[in-house]
Amino acid sequence: MTLRTRREVLASLSMATAALPLLGFTSVPAVKKAPKAILPPRLKPGDTVGLICPAGAAFSKEVVQITKESIEALGLKVKMGKHVFDRFGYLAGTDQARAEDVNSMFADKSVQGILAIHGGWGCARLLPLLDYKTIQKNPKPLIGYSDITALLLAINAKTGLITFHGPVGSATWNKFSVDSFRQVLFDGNPVLFENPKELGDNLTLTKDRITTITPGTARGKLVGGNLTVLTAIIGSDYLPNWKDAILFLEDTNEAVYRVDRMLTQLKLAGVLDQVKGVVFGKCSDCDPGRGYGSLTLEEVLEQHLQPLKVPVYSGAMIGHITHKFTVPVGAEAEIDATAGTIKLLGSAVS
C-alpha cells in the first residue's frame with residue numbers, strides 16, 4: 001500500500017467516524033462522571049416539610065389529613081403543595097403542575113424537607129421538567145419509595161444530592177419505621193440497617209428472615225429502589241453511575257417471570273456487571289402463581305445474582321411493607337451479605 005493510499009484510507013475512516021452521530025450511531029459511551037455528593041441539612045423539630053403528590057392522584061382527603069397529622073406528630077410542620085388535590089385522570093394533575101410542586105418546594109426557603117404523600121405512577125414523566133440547578137442550590141431531603149424512585153435516582157444523578165428511599169406520607173408510621181427515619185434524617189447517625197429478630201412464641205425466626213445468596217462484604221454507593229420503576233428508565237440520562245455501587249431493589253405484585261425479565265434487562269444493560277454488591281429487599285405478593293412449572297422468586301434471584309460473584313442477600317426491610325428502613329440514595333455504605341446488614345459509613349445529612 002502506497003503512502004497516498006494509506007492517507008486516503010485514513011481520511012475515509014475519519015469521515016465515516018465523524019458521520020456516525022449524524023446517522024444515529026455513537027461510539028462507545030464514556031463512563032458517566034458522578035457529581036460530587038451533596039448532603040442535605042438534617043431535619044430538626046419545628047422544621048417544615050412540604051407534602052407533594054408527584055405521581056398518582058390523591059383520591060382521599062382523609063389520607064392526606066392523616067399524613068399531615070403523622071408528620072406533625074414527628075414534631076414537624078407541614079406545607080401542602082399547591083397541586084396536591086389536582087387530578088388529571090389517574091395522575092395528580094398535569095405533568096407541569098406536579099413538576100411545579102417539586103420545583104417550588106426545593107426553591108421555597110421556608111421548607112426544610114419534601115415528602116411524597118404516595119406513589120402510583122407518573123414521576124418519570126416529570127424528569128425533563130425538573131429544575132436541577134435550583135435543586136442543587138437548595139439541598140433538602142426528598143423522601144419516598146415505589147414510583148418516587150424515579151425522582152430519587154434522577155435528582156441524585158443530576159445534582160449529587162443524597163435522596164431517601166423511605167416512607168411516603170401515607171405509609172404506616174410505626175415505631176420501627178419512625179426509628180429508622182429519625183436516626184437517618186434527624187440524628188444523622190451512621191446507621192446499621194438490620195432486620196428485627198423477634199422470635200415471639202416460635203423456636204426459631206420465622207418472619208423477616210435474611211437469605212444469603214452470595215456471602216461476603218462490599219463497600220460502595222447505595223443506588224436503587226423499585227425494580228419496575230428503575231428498569232423503566234434504563235437507557236435514559238436520569239440514572240446514576242453504577243460503577244462499584246451497592247444496588248438495592250424492591251417490588252410488589254409482580255409475577256416471577258416479570259422479575260426475571262427486569263433482572264435480565266439490568267444484565268443486558270450492563271448494570272449488574274458493574275455493581276459491588278446487591279441487596280434485594282421485599283417483593284410483596286410476588287408468588288409463582290398457578291403457572292405450570294414456574295420458577296420461584298428465590299430461583300430467579302439465584303440465577304441472576306449468584307454469577308456476579310459479589311456479595312448478595314435478600315429479605316431486607318426495603319419495599320412495600322409496613323416496617324421499612326429509610327435508605328439514603330447516594331450514600332457510602334458497607335453490606336454484609338452473611339449477616340444481612342447495611343452499614344452507613346458516615347452521616348447522610350449535614
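Where does Lys324 lie?

1. Lys324 lies in the loop between S11 and strand S12 (327-329). This is a predicted model, and the points below should be read with that in mind. At 4% relative accessibility, Lys324 counts as buried, because the cut-off for that label is under 20%.

2. The surroundings of Lys324 can be listed. Leaving aside residues up to four places away in sequence, Lys324 touches Tyr145, Gly166, Pro167, Phe176, Ser177, Ser180, Met317 and Gly319. Another lysine, Lys282, is 42 residues apart from Lys324 along the chain, and the C-alpha atoms of the two are separated by 9.9 Å.

3. Next, the sheet. Eight strands form an open sheet with mixed pairing, in the order S6-S14-S13-S8-S9-S10-S11-S7. Its edge strands are strand S6 (192-194) and strand S7 (211-214), each of which pairs on one side only. On average, and with direction ignored, neighbouring strands of this sheet are turned by 30° against each other.

4. One strand pair of this sheet can be followed at residue level. Strand S11 (residues 312-314) and S7 pair in the antiparallel sense, over three bridges. Thr214 has Val312, in S11, as its bridge partner. As a general matter, pairing between strands of a sheet runs through backbone hydrogen bonds, either parallel or antiparallel.

5. Helix H8 covers residues 256-268. Its 13 residues should span 18 Å at 1.5 Å a residue, and its end C-alpha atoms are 18 Å apart, so expectation and model agree. After H8 comes Gly270, whose phi is positive, near 85°.

6. Which residues of H8 are buried? They are Val256, Val259, Met262, Leu263 and Leu266. Seen down the axis of H8, the buried residues fall within an arc of 125°, and therefore line one face of the helix. Tyr257 and Leu268, on the other side of H8, are exposed.

7. What do the buried residues of H8 pack against? Their partners are two helices, H7 (227-232) and H9 (297-305), and two strands, S9 (245-252) and S10 (277-284). Both S9 and S10 appear in the strand order of the eight-stranded sheet.

8. Helix H3 (residues 95-107) also has 13 residues, and from its first C-alpha to its last it reaches 18 Å, close to the 18 Å expected at 1.5 Å a residue. The buried residues of H3 are Asp95, Ala97, Arg98, Ala99, Asp101, Val102, Asn103, Met105 and Phe106. Charged residues are on this list, including Asp95, Arg98 and Asp101.

9. The buried residues of H3 pack against both strands and helices. The strands are S1 (48-52), S2 (77-80), S3 (113-116) and S4 (142-144). The helices are H4 (132-137) and H5 (149-159).

10. Aromatic pairs come to a count of five. One of them joins Trp173 and Phe181, edge-to-face, at 5.2 Å centre to centre with 85° between the planes. Both Trp173 and Phe181 are buried.

11. How are the rings of Phe181 and Phe186 arranged? Their centres are 6.3 Å apart and their planes are at 55°, so the pair is tilted. Phe181 and Phe186 are both buried. Ring pairs thus link Trp173, Phe181 and Phe186 into a cluster.

Notes. Residues numbered from 1 in each chain as written. Predicted model: local features only at pLDDT ≥ 70, side-chain atom pairs only at ≥ 80, totals over all residues. Heavy atoms only, no water. Helix = DSSP H or I, 4+ residues; strand = E, 2+ residues; numbered from the N terminus. Expected span 1.5 Å × (residues − 1). Buried < 20%, exposed > 50% of the residue type's maximum accessible area, 1.4 Å probe, protein only. Arc of directions from axis to C-beta. Contact = heavy atoms within 4.5 Å. Pairing = 2+ DSSP bridges. Axes fitted to C-alpha atoms, helices over the stretch in contact; angles between N-to-C directions. Phe/Tyr/Trp six-rings, centres within 6.5 Å; stacked < 30°, edge-to-face > 60°.
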